[in-house]
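Here are some exercises to work through with the model open beside you. Try each task before reading its solution.

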Number of protein chains: 2
Amino acid sequence: MSSSKRSKPQKPGKAASISDVARESGVSIFTVSAVINNKSHVGKNLRERVEDAIRKLNYRPNLIARSLIKQKTQTIGMIVPDIANPFFPMVVRGAEDAAQKQGYNLLLCNSDDSLAKEETAIELLLSKRVDGILLTKAAGDFSPSLRQVIEGVNIPFVLVMRTYPALTKDAVVSDDYQGAYEAVCHLARSGRRRIGLISGPLKISNAKERWRGFRDALEKAKLTYEPELVVEGDYRIESGFRAGHALLSHRPDGIYVANHLMTIGLLQAVEEMGLKCPEDFGLVSFDDYPWLGVFRPRLTTVELPKHQLGSEAVELLIQRIGGDQGKPVLKKLSPELRIRESCGFAQFVSGEHRRANPEPSIDSP
Amino acid sequence: MSSSKRSKPQKPGKAASISDVARESGVSIFTVSAVINNKSHVGKNLRERVEDAIRKLNYRPNLIARSLIKQKTQTIGMIVPDIANPFFPMVVRGAEDAAQKQGYNLLLCNSDDSLAKEETAIELLLSKRVDGILLTKAAGDFSPSLRQVIEGVNIPFVLVMRTYPALTKDAVVSDDYQGAYEAVCHLARSGRRRIGLISGPLKISNAKERWRGFRDALEKAKLTYEPELVVEGDYRIESGFRAGHALLSHRPDGIYVANHLMTIGLLQAVEEMGLKCPEDFGLVSFDDYPWLGVFRPRLTTVELPKHQLGSEAVELLIQRIGGDQGKPVLKKLSPELRIRESCGFAQFVSGEHRRANPEPSIDSP
DNA sequence: CCGGCGTTCCTGAACGTTTTGAAAAGCGTC
DNA sequence: GACGCTTTTCAAAACGTTCAGGAACGCCGG
């Protein structure tokens, strides 16, 4: 019967709580809270007493409790198909940088290109009450249930590198049409006449955009669109290899590959078939990576602003979290054509696109 | 005055709570909770009523509230120097896979190789009450405050790819000594006599291990250790480039490079200097990646089980979270020597290490 | 001495769950 | 109809915060 209302001593194993600090320093919980959030008017005396107690108990505010009451977790969920795909790390890095800068953390999920996993991941993030979600949708159609889940998300939600016409959500993407268009124009400018395409899965929005850019550039250059010179892959190495075999058997003199992984596959096919680039055909790839510095020939490529893609997505998301109720936005970031050797030497090419070609840099292990 | 204790209707904008469900289905909160966690004895009648209400209100349990009371967040924090470094994505993937399998999520932080950021990240994760922390420490010494923070961490804590003698924490690492040893033995077996090393920062445990393996293998092969053939880099491309220039000026006939990024730099230096591999020198690198398939010559390399590194670290961590109080464990995973062409053709080499050399595979964008 | 105003501190009610201990209900037995 | 034993349901106390609404105090002008 002797226990007064709030007097249990701090249990040994557990982290100190705000009430432990309050007891230790002989003030109320309110005052401790005020000190922590350094609210204005706390007397110097008490403030110091409290700060001492905090240090002494090694107290750390419990952000879970804070989240519960504030209805904000300062956490954003990010779902990518596969972080091990070299495209995503830099995007995630961009996102994390921007998030950290504004006091947010990143909860990372891999969907493994499975729509079911993607759906589960969204549900989970929603249950964990993240403040917003970033999604790079897996390849493949919406299942009705997935669509329902996404439409039903009632927190800020930004698509990254994907967009869907009927969807009422924000999206941050690269200008894939433009990138492909420039790539193919460059091939044409360097004298190629029969230009082939190794495309990504046409169900993914960016693959379709790249295909459109390809087609329009052909038209602009007054080249004919030959259907047998277009092969659809799935953005993986193996499919680039197979597509390469199929495509090269038609002897195109130029190839535009819609992503890096398929380029790797293609180059293996090229070697097997005993062909030479740029002598036998010109090549423009997508995405730039540090290791391209040792590929021979040096690849001309369309670099996407991967880091920026992630950071702008987060910034948009946080703006929404902050209460911005504006209409859904579609933000397109410009790609950059980096001319190197795989279409023939740079001097063969009209000057307008020449620039220094910095090798992208990357940090330590 | 008319408001009874628990009767506010669900506010329109907000997610439904358990009490909304209780009210909707006319039962107590307890019963709803029992249904959610499908505890045994809830009458069939009520169970259905509750489930209907859950569907109707699109109710999702608030895991923040659950975490608060259960003192578990089902979240683990992971700190890496830089996810954009190609080594880490696969490790993170391994971690995420293992975590997901056991119902955990991953909160990802980049320390950017800054000890201060690393410290901040740990503090933050602690405040967010993650159930455990995975850390790949940034290069550089412990500051006293960082050391204090790490030692003071009172939740499960596993080091990944790093270990420190005096530290009383678990660690999961690759057997770097073994990897380097095998690499250098292979160089010696293929007839190289003056073998050089491009090392990582010797303050990082694995760099030191690799250096030890290098030295011992030389001794085993009865080769002399020539100090000018050892150059310390920082695991980045640029340093590999500089180290390559420095090292090659001494004309070694074999080089072992302690990581992939520095190999990229080295190969650029090699080309600039007009040298040829494997004719002028044999090369063994560390880490394998899909794009190595297009490097020429094909690189012989020591592959580390990156995915496994991540997944075993998480499994160990979760075991600790589960209450395992055993002594700190140091788990070493075996590397695998993948013999390709950069030391001369495989047939010149004694058979014991020959094996199929699968190109590692990777998923779509 | 009173009223008004600042400053400084506190009490107590949220936030959305889980869980303990106990009450109610159903049912068989004497 | 009293008693025990299950089965089903509940009310209320946690978990660690934030914050609205006051209270206590000192100071000033009247």
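**Exercise 1. Work out which residue follows α5(B) with a positive phi, and how the length of this helix compares with its expected span.**

Keep in mind that this is a predicted model.

Step 1. Step past the end of α5(B): G103(B) follows, with a positive phi near 80°.

Step 2. Helix α5 of chain B covers residues 88-101, which is 14 residues. At 1.5 Å a residue the helix should span 20 Å, and its end C-alpha atoms are 20 Å apart, so expectation and model agree.

**Exercise 2. Decide whether α5(B) is mostly covered or mostly open, and name buried residues.**

Step 1. Count a residue as buried when 20 or more other C-beta atoms lie within 10 Å of its own.

Step 2. By that test 11 of the 14 residues of α5(B) are buried, and the helix is mostly covered.

Step 3. Among the buried residues are F88(B), M90(B), V91(B) and V92(B), but also R93(B) and E96(B).

**Exercise 3. Describe the contact between chain A and chain B.**

Step 1. Start with the totals: 55 residues of chain A and 55 residues of chain B take part.

Step 2. On the side of chain A that touches chain B, the elements giving two or more residues are α4, α5 (87-101), β2 (105-110), α6 (115-127) and α11 (260-272) of chain A. α5(A) has the largest share, 6 residues.

Step 3. Sort this side of chain A by class: 30 nonpolar, 14 polar and 11 charged residues.

Step 4. Now look at the strands. β2(A) and β2(B) run antiparallel and are joined by 3 bridges, with L106(A) opposite L108(B).

**Exercise 4. Find how the two copies are related.**

Step 1. Lay chain A on chain B: a turn of 180° with a shift of 0.0 Å along the axis gives an RMSD of 0.1 Å.

Step 2. The copies are therefore related as by a two-fold rotation axis.

Step 3. Within chain A, L107(A) comes closest to this axis, its C-alpha at 2.3 Å.

Step 4. Check the contact surface: 98% of the contact residues of chain A recur in chain B, and the same surface serves both copies.

**Exercise 5. Which residues come nearest to DNA strand C, and which helix gives the most to the surface there?**

Step 1. Of the 28 residues around DNA strand C, the nearest are S28(A), G43(A), I18(B), N62(B) and A65(B).

Step 2. α4(B) gives the most to this surface, 5 residues.

Step 3. By class, the surface has 15 nonpolar, 10 polar and 3 charged residues.

Key. Residues are numbered from 1 along each chain as its sequence is written. Chains are lettered from A and ligands numbered from 1 in the order in which they are written. This is a predicted model: local features need pLDDT of at least 70, side-chain atom pairs count only at pLDDT 80 or more; totals for chains, interfaces and linings use all residues. A residue is near a molecule or strand if its C-beta atom, placed from the backbone, lies within 6 Å of it. Helices (H or I, at least four residues) and strands (E, at least two) are DSSP runs, numbered from the N terminus. Ala, Val, Leu, Ile, Met, Phe, Trp, Tyr, Cys and Pro count as nonpolar, Asp, Glu, Lys and Arg as charged, and the others, Gly among them, as polar. Two residues are in contact if their C-beta atoms, placed from the backbone, lie within 7 Å. Two strands pair if DSSP finds at least two bridges between them. Copies are superposed by least squares on the C-alpha atoms of residues with pLDDT of at least 70 in both. The expected span of a helix is 1.5 Å times one less than its number of residues. A residue is buried if 20 or more other C-beta atoms lie within 10 Å of its own, exposed if 12 or fewer, and partly exposed in between; C-beta atoms are placed from the backbone.
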